[in-house]
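Thanks for making time this morning. Let me put the structure up, and then I'll walk you through the rings and the helix packing.

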Amino acid sequence: MQVESHLPNVAAHSPAARAAKRLDDASPADRARVDATLAAAGADERPYLIDALAAGHSAEDVVTFARLIRGKRPEWLRTHLSLIDPDGPGRVTYRGSPMRQTDDTACGPMTILMARAMADPLYALNFTTADSADSADASVAQFQARLTAEEHRIHDATNRFWPQRLGSTPAGVGNELNRHADALGARYEPHLVTGIIGKSALRDAVDAADSTQPVPVLIGDRIPRHYILLIGRDAADLLVYDPARARVSRISEQSFLDGKVDGLRLRHVYAVVTPTP
């Protein structure tokens, strides 16, 4: 069996490494089906198939997914399977419609939604196509209705013991992410940004971003008030998705390591929810 020949580098905890582990644990028949599917996929399609496998989807789901995206152009793949472009700053939209939190208290749920969409292309596909077996585009109205419904579901899950009008706690955000730890490739832990431990947590958040693992970050002024999502790097700067603005922006790495986020209305970092292998 030559499964590994169709996977990119397999650094520990990367999607490729997790995909390889899932194939190792699969039946010989399923391994053969997935290996053949990866071999037949185009270069632009294959990373999404690997991500789907890494996220825990079955061999049958991966094969069906491959049929659905076969021959699609790179722009279609990015728009329908990523939601956020982690390669640079800009607006975050679907067919021109902003991917923005629905109200002032839903920033936490929206960062969770986007973190899952970054890790699992089939989860993203649920929002952007007619259904799981049809690659026709979802309308803007369908997309926004699905986004809102999922945001509300996540908000209910994160705020079982905390009033929704007060937003989501870092513990609630971490607990909801951990319900999908297999898909995300890690468990998440909340850390307050205070003292030496806080400095270490900020460094862990940057390291996670360097390996394209999203990190919810709680920011504020005199009090914590808003979540953003640390999603990656652009040269010497970090990239963050702000659900209030539906935008990816650059921030200074050094500023972040000092507990600040420059360029945003709220500048003080209060907590990070970081992945652990």
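**Rings, charges and helix packing**

Start with Tyr-123 and Phe-127: both are buried. Keep in mind throughout that this is a predicted model.

Those two residues sit in helix H7, which spans residues 121-128. They are four residues apart there, so about one helical turn separates them.

How many aromatic pairs does the structure hold? Three. Take Tyr-123 with Phe-127, where the ring centres are 5.2 Å apart. Their planes stand at 90 degrees. Over 60 counts as edge-to-face, so that is what this pair is.

Next, Phe-127 with Phe-143. The ring centres are 6.5 Å apart and the planes are at 70 degrees, so this pair is edge-to-face too. Phe-127 belongs to H7, while Phe-143 belongs to helix H8, residues 140-158. The pair therefore ties together parts that are 16 residues apart in sequence. Is Phe-143 buried or exposed? Buried, and Phe-127 is as well.

Now zoom out a little. Tyr-94, Tyr-123, Phe-127 and Phe-143 form one aromatic cluster.

Charges come next. Arg-116 lies over the face of Tyr-123, at 3.9 Å from the ring centre. Tyr-123 is also the edge-to-face partner of Phe-127. Elsewhere, look at Trp-76. The charged end of Lys-72 sits over the ring of Trp-76, 5.0 Å from its centre.

Arg-116 leads us to helix H6. H6 covers residues 107-119, and it packs on H8 at an angle of about 115 degrees. The axes are 8 Å apart. At that angle, H6 is roughly perpendicular to H8. The crossing of these two is right-handed.

Which residues make up that interface? From H6 come Pro-109, Met-110, Ile-112, Leu-113 and Arg-116. They meet Leu-147, Glu-150, Glu-151, Arg-153, Ile-154, His-155 and Thr-158 in H8. So Arg-116 appears twice in this talk: here, and over the ring of Tyr-123.

Pick out Leu-113, in H6. Its relative accessible area is 0%, so it is buried. What does Leu-113 touch, leaving aside its neighbours within four places in sequence? Leu-83, Tyr-123, Phe-127, Leu-147, Glu-150, Glu-151 and Ile-154. Two of those, Tyr-123 and Phe-127, belong to the aromatic cluster. One backbone distance here: the C-alpha atoms of Leu-113 and Ala-124 are separated by 9.1 Å. Those two residues are 11 apart along the chain.

Glu-176 is worth a stop. Find it in helix H9, residues 170-178. Is this glutamate, Glu-176, buried or exposed? Buried, with a relative accessible area of 1%. The cut-off for buried is under 20%. Beyond its neighbours within four places in sequence, Glu-176 is in contact with Ile-112, Arg-153, Ile-154, Ala-157 and Thr-158. Among these, Ile-112 is in H6, and Arg-153, Ile-154 and Thr-158 are in H8, part of the interface I just listed.

Over to the earlier helices. Helix H3, residues 46-54, packs on helix H4, residues 59-69. The angle is about 155 degrees, with the axes 10 Å apart. That makes H3 roughly antiparallel to H4. This crossing is right-handed. On the H3 side we have Tyr-48, Leu-49, Ala-52 and Leu-53. They meet Val-62, Phe-65, Ala-66 and Ile-69 in H4.

Tyr-48, Leu-49, Ile-50, Ala-52, Leu-53 and Ala-54 are buried in H3. What covers them? The cover includes helix H1 (15-25), H2, H4, helix H5 (74-81), H7 and helix H10 (181-184). Just after H3, Gly-56 takes a positive phi of about 100 degrees.

H4 has its own list of buried residues: Ala-59, Val-62, Val-63, Phe-65, Ala-66, Leu-68 and Ile-69. Just after H4 comes another glycine, Gly-71, with a positive phi of about 80 degrees.

H4 also packs on helix H2, residues 28-40, at about 20 degrees. Their axes are 9 Å apart. H2 is therefore roughly parallel to H4. Left-handed or right-handed, the crossing of H2 and H4? Left-handed. Here Asp-30, Arg-33, Val-34 and Thr-37 in H2 meet Ala-59, Glu-60, Val-62, Val-63 and Ala-66 in H4. Val-62 and Ala-66 also meet H3.

That's the tour. Happy to take questions.

How values were computed. Residues are numbered from 1 along each chain as its sequence is written. This is a predicted model: local features need pLDDT of at least 70, side-chain atom pairs count only at pLDDT 80 or more; totals for chains, interfaces and linings use all residues. Side-chain values use heavy atoms; hydrogens and water are left out. Rings of Phe, Tyr and Trp (its six-membered ring) pair if their centres lie within 6.5 Å; planes under 30 degrees apart count as stacked, over 60 as edge-to-face and the rest as tilted. Buried means under 20% relative accessible area, exposed over 50%, partly exposed in between (1.4 Å probe, protein chains only). A charge sits over a ring if NZ of Lys or CZ of Arg is within 6 Å of the ring centre and within 35 degrees of the ring normal. Axes are lines fitted to C-alpha atoms, for helices over the stretch in contact, and angles run from 0 to 180 degrees between N-to-C directions. Angles under 35 degrees count as roughly parallel, over 145 as roughly antiparallel, 65 to 115 as roughly perpendicular and the rest as oblique. A crossing is left-handed if the near helix is turned anticlockwise from the far one by less than a right angle, and right-handed if clockwise. Contact means heavy atoms within 4.5 Å.
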